[in-house]
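Thank you all for coming; I would like to walk you through one structure this morning, slowly and in a fixed order. Please have the sequence and the coordinates open while I talk.

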Amino acid sequence: MAHAFIKILLLITIFSITSTHKSDAQFEDWCIADEQTPDDELQRAMVWACENGADCSKIEANQPCFQPNTIKDHASFAFNSYFQRMKAKGANCYFNSAAFVTDLDPSHGSCKFEIQG
C-alpha cells in the first residue's frame with residue numbers, strides 16, 4: 001500500500017515539475033496571411049496594418065523581408081507585426097478574414113518575424 005502511494009506521489013511530482021518548466025516556445029503564435037485571400041484584399045489589409053502600428057520597414061526594398069516580393073509574404077509580415085505589437089491592447093489576427101494565427105514560425109533566412117510574449 002505504501003509502495004503504491006509513493007509511486008503516485010512520484011508521478012504527481014514529475015508531472016508538476018514538467019508542466020511548470022515547459023518552454024515558452026509552445027505558447028508562441030504568429031499571424032500570417034491566408035493564401036486563399038485575393039491579393040487586392042491582402043494589399044488593403046496590409047496598408048491598414050502598416051498605417052496602424054505595424055513596423056513595415058523590413059518589407060521595403062533592400063530590407064531583410066523584402067524577398068520573396070509577393071503580396072502574401074509582405075502581408076504576412078505586416079499582419080504579424082501589427083498583431084504582436086497590438087495584441088496586448090486587444091488586437092486580434094483577423095484583418096477581415098485575410099489572416100489567421102499559426103504556431104509555426106514563418107521566419108525565413110534573414111527575415112525574422114517578431115514575437116511578443
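Before I name any residue, I need one set of cut-offs: a residue is called buried when its relative accessible area is under 20%, exposed when that area is over 50%, and partly exposed in between. What you are looking at is a predicted model, so please hear every value I quote as computed from that model.

With those cut-offs, let me start with one disulfide, the one that joins Cys50 to Cys56 with an S to S distance of 1.9 Å. Cys50 has a relative accessible area of 29%, which lies between the two limits, and therefore it is classed as partly exposed. Its partner Cys56, at 11% relative accessibility, falls under the lower limit and so counts as buried. The torsion about the S-S bond of this link is -95 degrees, and the link is left-handed.

How many disulfides are there in the count? The number comes to three, and as a general reminder, a disulfide is a covalent bond between the sulfur atoms of two cysteines.

Another of them joins Cys31 to Cys93, with an S to S distance of 2.0 Å. The torsion about that S-S bond is about 85 degrees, so this disulfide is right-handed. It links distant parts of the chain, since Cys31 sits in strand β1 and Cys93 in the loop between α3 and β2, with their positions 62 residues apart in the numbering. Both Cys31 and Cys93 are buried.

Then there is the pair Cys65 and Cys111, whose sulfur atoms are 2.0 Å apart. Here the torsion is about 105 degrees, so this disulfide too is right-handed. Cys65 belongs to the loop between α2 and α3, while Cys111 belongs to the segment after β2, and the two are 46 residues apart. Cys65 counts as buried at 3% relative accessibility, and Cys111 counts as buried at 1%. If you number the bonded cysteines in sequence order, the pairing reads 1-5, 2-3, 4-6.

Let me now step back to the overall layout. The protein has three helices and two strands, and from the N terminus on the elements run α-β-α-α-β. Of the 117 residues, 29% are buried. Among contacts between residues at least 6 apart in sequence, 73% join residues at least 24 apart.

The element I would like to examine with some care is helix α2, residues 39-51. At 1.5 Å a residue, its 13 residues should span 18 Å, and the C-alpha atoms at its ends are 18 Å apart, which agrees. Which residues of α2 are buried? They are Leu42, Ala45, Met46 and Ala49. These residues cover an arc of only 105 degrees around the axis, which puts them on the same side of α2. The face turned away from that buried side carries the exposed residues Arg44 and Glu51. What do the buried residues of α2 pack against? They pack against β1 (30-33) and α3 (71-86). After the helix comes Gly53, whose phi is positive, near 130 degrees.

That packing brings me to the core. In soluble globular proteins, nonpolar side chains tend to be buried together. The largest nonpolar core in this model has 24 residues, of which Cys31, Ala49, Ile59, Phe79 and Phe95 touch the most other members. At least two residues of this core come from each of β1, α2 and α3, and the largest share, six residues, is supplied by α3. If we leave aside neighbours within four places in sequence, the contacts of Phe79 include Cys31, Ile32 and Ala33, then Leu42, Ala45, Met46 and Ala49, and also Phe95.

My last stop is Thr102, which lies in strand β2. At 12% relative accessibility, Thr102 counts as buried. A polar atom of its side chain lies 3.1 Å from the backbone nitrogen of Leu104. Not counting residues up to four places away in sequence, Thr102 touches Glu28, Asp29, Trp30 and Ile32.

I will stop there and take your questions.

Definitions and conventions:
Residues are numbered from 1 along each chain as its sequence is written. This is a predicted model: local features need pLDDT of at least 70, side-chain atom pairs count only at pLDDT 80 or more; totals for chains, interfaces and linings use all residues. Side-chain values use heavy atoms; hydrogens and water are left out. Helices (H or I, at least four residues) and strands (E, at least two) are DSSP runs, numbered from the N terminus. The expected span of a helix is 1.5 Å times one less than its number of residues. Buried means under 20% relative accessible area, exposed over 50%, partly exposed in between (1.4 Å probe, protein chains only). The arc is that of the directions from the helix axis to the C-beta atoms. Contact means heavy atoms within 4.5 Å. A disulfide is a pair of cysteine sulfur atoms within 2.5 Å. A polar contact is a pair of N or O atoms within 3.5 Å; within protein, one must be able to donate a hydrogen and the other to accept it, and residues adjacent in sequence count only if both atoms are side-chain atoms. A nonpolar core is a set of buried Ala, Val, Leu, Ile, Met, Phe, Trp, Tyr and Cys residues joined through side-chain atoms within 4.5 Å.
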